[in-house]
Amino acid sequence: MPQLIHYMLDPFSRRIRLMLGELGIEAEVIEEKPWDNPDELLLLNPAGTLPIFIEDDQTVIPGVEALADYLEETRGGSADGQRGRTLLGNTPAQRAETRRLVAWFDVKFHREVSRLILTEKVERRLAPPGKGGGPTNMNAVRAALHNIRAHLDYIGTLAEHRNWLAGDDLTQADLAAAAHLSCLDYLGDVPWGVSASAKAWYQRIKSRPSFRPLLADHIRGMPPPRIYADLDF
């Protein structure tokens, strides 16, 4: 069975976990704390980042973008839609829009929101001194909580005009957005009242079978709020 090395509150790992679920891929999940960077992890990925996927033949695919493309090419749909299910889209325009939105969440949203909150509220608390641990910078957290509101408005606008964020079908764009938001939702830091449309979209994706393993996540000493696993929050 393939292995996925991940961390529960890493949004990039969560996107791949959602993708595995949507494509029906079974894998053994192995948790690593990203701030530890053990020698074994660095041998698999010199960048020291997660997720990392190891095939049965020991082929190693590190990094979210490389891994998402790999799974699409090996388990998902081909460009003509004749082989399996695609999470990118069936036309060049659809795939371009999916990739645009994936970059929005993995780059812009991460820089402006999720990286700030996860660094300050998770890494600072759980990592040892010298590896990221230390007092929380509440100014960074407040900036992220301010920034998230515009992103929720944008998600709501997309959801009001499309069936899913990138178009008619669920794609990696939805998985990327949900992965980042679910990490923050675990911490109770998503102001869902900002956009009813964004909340309704999240309720839909949260109800999918691929989301169940994420809702079962529980970090020792840092339990989620009750609504985290509530499908009708």
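I will talk about the start of this chain, in a model that is predicted, going from the strands to a serine in the helix and then to the nonpolar core.

Let me begin with strand S1, residues 3-6, which runs parallel to strand S2, residues 28-31, and is joined to it by 4 bridges. Within that pairing, Leu-4 has Val-29 in S2 as its bridge partner. Between these two strands the chain passes through H1, and the resulting β-α-β crossover is right-handed. S1 also pairs with strand S3, residues 52-54, but here the strands run antiparallel and 3 bridges join them; in this pairing, Gln-3 stands opposite Ile-54 in S3.

Turning to the helix, H1 spans residues 11-23 and includes Ser-13. Is Ser-13 buried or exposed? Ser-13 counts as buried, because its relative accessibility is 0%, and the cut-off for that term is under 20%. The side chain of Ser-13 makes a polar contact of 2.5 Å with the side chain of Asp-10. If we leave aside neighbours within four places in sequence, Ser-13 is in contact with His-6 and Tyr-7, and also with Leu-50 and Pro-51.

Finally, the core: the largest nonpolar core has 67 residues, and those touching the most other members are Leu-71, Leu-181, Trp-201, Tyr-202 and Ile-205. Taking Leu-71 from that group, and again setting aside neighbours within four places in sequence, we find Leu-71 in contact with Ile-16, Met-19, Leu-20, Leu-23, Ile-25, Phe-53 and Gly-76. Of the elements I have described, H1 covers residues 11-23 and S3 covers residues 52-54, and the partners of Leu-71 include Leu-20 and Phe-53.

Conventions
Residues numbered from 1 in each chain as written. Predicted model: local features only at pLDDT ≥ 70, side-chain atom pairs only at ≥ 80, totals over all residues. Heavy atoms only, no water. Core = buried A, V, L, I, M, F, W, Y, C linked by side-chain atoms within 4.5 Å. Buried < 20%, exposed > 50% of the residue type's maximum accessible area, 1.4 Å probe, protein only. Contact = heavy atoms within 4.5 Å. Polar contact = N/O pair within 3.5 Å; in protein donor to acceptor, adjacent residues only side chain to side chain. Pairing = 2+ DSSP bridges. Right-handed = clockwise from strand over helix to strand, strands pointing away.
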